[in-house]
Amino acid sequence: VRDAAQLFGFVNEWCFDEDQVRRRFRELAPVYHPDTGIVACRERMGQLIDARNLLVHHVRSVYGSGDWMARRGGPSA
């Protein structure tokens, strides 16, 4: 998760939500898309897709369960 967050330019794996992940993917995808990208790279595009899926799953599982609040010292959901 940490590597995926860094690939998207996030500071760590706790500083983003699902909307931010989707927004950042939409910013990066046109750059690396193998058919139309500025820096067309099939491998990087695959990494972005895998990272997006991993980060969305991370947000839904950890944030949805309230664990992120416990990590920050707040009340658990």
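A charge is said to sit over a ring if NZ of Lys or CZ of Arg is within 6 Å of the ring centre and within 35 degrees of the ring normal. The exercises below apply this and related ideas to a predicted model.

**Exercise 1. Charges over rings**

Find which ring lies under the charged end of Arg52, and which ring lies under the charged end of Arg44.

Solution. Begin with Arg52, whose charged end sits over the ring of Phe25 at 4.4 Å from the ring centre. Then turn to Arg44, whose charged end sits over the ring of Tyr32, 5.9 Å from the centre of that ring. Both distances can be checked against the cut-off, which asks for a position within 6 Å of the ring centre.

**Exercise 2. The overall fold**

Describe how the protein chain is built from helices and strands, and state what share of its residues is buried.

Solution. Counting the elements first, the protein chain has four helices and zero strands, and reading along the sequence gives the pattern α-α-α-α. Next, of the 77 residues in the protein chain, 29% count as buried. Finally, among the contacts between residues at least 6 apart in sequence, 49% join residues that are at least 24 apart.

**Exercise 3. The nonpolar core**

Work out which residues of the largest nonpolar core touch the most other members, and which helix supplies the largest share.

Solution. This core has 17 residues, and those that touch the most other members are Phe8, Phe10, Phe16, Val21, Phe25, Leu48 and Leu55. The helices α1 (2-7), α2 (18-32) and α3 (42-65) each supply at least two residues of the core, and the largest share, eight residues, comes from α3. As background, nonpolar side chains in soluble globular proteins tend to be buried together.

**Exercise 4. An aromatic cluster**

Identify the aromatic pairs in the structure, and decide whether their rings are stacked or edge-to-face.

Solution. The structure holds two aromatic pairs. In one of them, Phe8 and Phe10 are stacked, with 6.2 Å from centre to centre and 20° between the planes. In the other, Phe10 and Phe16 are stacked with 4.7 Å from centre to centre and 20° between the planes. Planes under 30 degrees apart count as stacked, so both pairs receive this label. Together, Phe8, Phe10 and Phe16 form one aromatic cluster.

The burial of each ring residue can be judged in turn. Phe8 counts as buried because its relative accessibility is 1%, Phe10 because its value is 13%, and Phe16 because its relative accessible area is 3%. Setting aside residues up to four places away in sequence, Phe16 touches Ala5, Phe10, Val21, Leu55, His58, Val59 and Tyr63.

**Exercise 5. A charged residue in a loop**

Establish where Glu13 lies, whether Glu13 is buried or exposed, and which side chain makes a polar contact with the side chain of Glu13.

Solution. Glu13 lies in the loop between α1 and α2. The relative accessibility of Glu13 is 12%, and because buried means under 20%, Glu13 counts as buried. The side chain of Glu13 makes a polar contact with the side chain of Arg2, at 3.3 Å. Not counting residues up to four places away in sequence, Glu13 touches Val1, Arg2, Ala5, His58 and Tyr63.

**Exercise 6. Far in sequence, together in space**

State how many residues separate Val56 from Glu18 in sequence, and how far apart they are in space.

Solution. Val56 is found in helix α3 and is buried, with a relative accessible area of 8%. Along the sequence, Val56 and Glu18 are 38 residues apart, while in space they are 5.7 Å apart from C-alpha to C-alpha. Beyond the neighbours within four places in sequence, Val56 is in contact with Glu18, Val21 and Arg22.

Key:
Residues numbered from 1 in each chain as written. Predicted model: local features only at pLDDT ≥ 70, side-chain atom pairs only at ≥ 80, totals over all residues. Heavy atoms only, no water. Core = buried A, V, L, I, M, F, W, Y, C linked by side-chain atoms within 4.5 Å. Buried < 20%, exposed > 50% of the residue type's maximum accessible area, 1.4 Å probe, protein only. Contact = heavy atoms within 4.5 Å. Phe/Tyr/Trp six-rings, centres within 6.5 Å; stacked < 30°, edge-to-face > 60°. Polar contact = N/O pair within 3.5 Å; in protein donor to acceptor, adjacent residues only side chain to side chain.
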